[in-house]
Amino acid sequence: MRDYDEITAFLGEWGPAQKLIFLLLTVSVIPNGFAGLSIIFVGDTPEHRCSIPGNLNLSQAWMNRTIPLVPGTQVQYSQCSRYRLDVIRNLSDVFPDPDLLNVSGIEEEPCLDGWDYSHDQYTSTIVSEWDLVCNDDWKEPFAASLYFVGVLIGSGSSGMISDRFGRKIVLFGTMGVQVLFNLLITLSPSWEIFCLINFFKGIGEISNYMTAFVLGSELLQKSIRVTYSTLGIGFFYAVGYMLLPFVAYFMRGWRMLILILSLISLLYIPLWWFIPESPRWLLSKGRVKEAESIIRFMAKKNGITPPAVLFTDDELEHIQNKQVKSVPVIQLIKTSRIRAVTMINLVVWMILAIGYYGLSLNVPNLHGNDYLNCFLFGAIEIPAKYRSLRLLKMLIFPGNGLLTILPDALLFLFFLGLLVLSTVLVLIGKLGNTCAFSIAFVYTSELYPTPMRNTGIGVSSMASRAGSIISPYVVMLDAYKENLPFIVMGVLMVFSAIVVLFLPETFNIPLPDTISQMQKVKWFKIRRCSYSYVSKTKTIGENNVVIFKEEML
């Protein structure tokens, strides 16, 4: 019985129709490259100090002494406190020159009149507009985390919605959601409203990305799918990433920046008339005539005459019955073998997300120009995706996971305090992290048996979303020590590289269809083998193998 790929093989692998679909779907993910990371500039914290009212009639010399120095420095002024102004005013009446006394002993008070912000880089950010500094500095990473909470919910719901209503309508519907909430967020009157809208932004933007991923995988032939899902989508995601600092350089106010970025998404409306629905999905819903119409149109585009009859009744029944249904999540921890794989995957995926978004969101804290650094972080995604594609075509094994993650351990060299070198090391870490993230999708799918494959990838993806929610607070650790975020991410990356080594090899091994066909996690194999050998020495060899297999399940 022929399956869908065999039936549509007459279309060819890489004709004009496939090329157009490949291009349009990959281009559609450009907004995803700048959507989630726009908080880098929207939520950046400008230089600031306590505001001093102008009605105090203080001389310029005394105005310069109203802000205390940070302990242990001679040039850095406090950003969250000032000397008591009533004391300063009384002293200024007695001592015209503040150099005549030691002002460091004056009692300090918080910034009761707000803050003055530097406008050297930004005209406004959400931090400067709503004073998200000092005791309220937790509000900026909280806003970013809420976006990723939306991403978590969107990634979990988009699959179910597109399975019910179709890939195409969800793809363009979520594009509309992106534009709508981006426009609404520019009208936010308060931080609370900004956070609420940012949450819904996250739901829409990840749904668009995941639906484009699925639609392309279902429309394109086998030989093109890996290239599409890694280099294709990855390249145009990087284009969007690199577009962000370019627009931000010219739009220094956060509202105008988001407005321009949202208007870019309107350019994708005409794609509705060029991107078809998934014939696979239409067949699964019994809409055979629509599926055949799309396939025949693709054949005409490729200059191919299709068969008079595309699908027989038996083939339609076979295709519909072949649809793999996900199993309950509890099945991922039901046996020791699959539980070990699941636990390791959850840890690795979460750490990968913390590293990816932690490095990306920490751009303003790096040495050098923020806009150039952000552009380089986007550009490094392209060789990372190409490298992951080459590895996937040559060899997949946990050691490659080590090789792609291990460069992040170079972050430990931040102890050297070499600023230019540190930026280079972060880029190397970003390269390795992005490459590992791309490989993780394919490698995870090869670890799980067929009935649990979709569920396993879905749960692993949710773990990565949990990591992205945590990542803004990892970046916030620089308030305690400048290099602490990189040290934390470096330690986590080294740990993930070690635990990946316990996962089994999948290269040139058939995909498992049942739990019993899954390969064993290495530490379990060593421990169980030893136990079986000692307790079953009097059992004949053949029976011993059967008993061992039962114990491993």
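Trainee: Among contacts in the chain between residues at least 6 apart in sequence, what share joins residues at least 24 apart?

Mentor: Good place to start, and keep in mind that this is a predicted model. A contact here needs heavy atoms within 4.5 Å. Counting pairs at least 6 apart in sequence, the share that joins residues at least 24 apart is 79%.

Trainee: How many helices and strands are there in the chain?

Mentor: Both kinds of element are present in this predicted model. The chain has 553 residues, and 50% of them count as buried. Its elements come to 24 helices and 4 strands.

Trainee: Which helix gives the largest share of the largest nonpolar core?

Mentor: Let's look at the core itself, which has 117 residues. F41 and I126 have the most contacts inside it. The largest share, 12 residues, comes from residues 336-361, that is, helix α16.

Trainee: Which residues is F41 in contact with, leaving aside its neighbours within four places in sequence?

Mentor: Happy to list them, since F41 is one of the residues with the most contacts inside the core. Beyond those neighbours, F41 touches Y122, T125, L244, P245, A248, L257, D370, Y371 and C374.

Trainee: Is α2 parallel or oblique to α11?

Mentor: Take the axes of α2 (residues 16-27) and α11 (residues 222-250): they come within 9 Å and cross at roughly 40°. Because of that angle, α2 counts as oblique to α11.

Trainee: And is the crossing of α2 and α11 left-handed or right-handed?

Mentor: Follow the residues that meet, including F22 and L25 in α2 and Y228 and F236 in α11. Where these two helices cross, the crossing is right-handed.

Conventions
Residues numbered from 1 in each chain as written. Predicted model: local features only at pLDDT ≥ 70, side-chain atom pairs only at ≥ 80, totals over all residues. Heavy atoms only, no water. Buried < 20%, exposed > 50% of the residue type's maximum accessible area, 1.4 Å probe, protein only. Core = buried A, V, L, I, M, F, W, Y, C linked by side-chain atoms within 4.5 Å. Axes fitted to C-alpha atoms, helices over the stretch in contact; angles between N-to-C directions. Parallel < 35°, antiparallel > 145°, perpendicular 65-115°, else oblique. Left-handed = near helix turned anticlockwise from the far one by under 90°.
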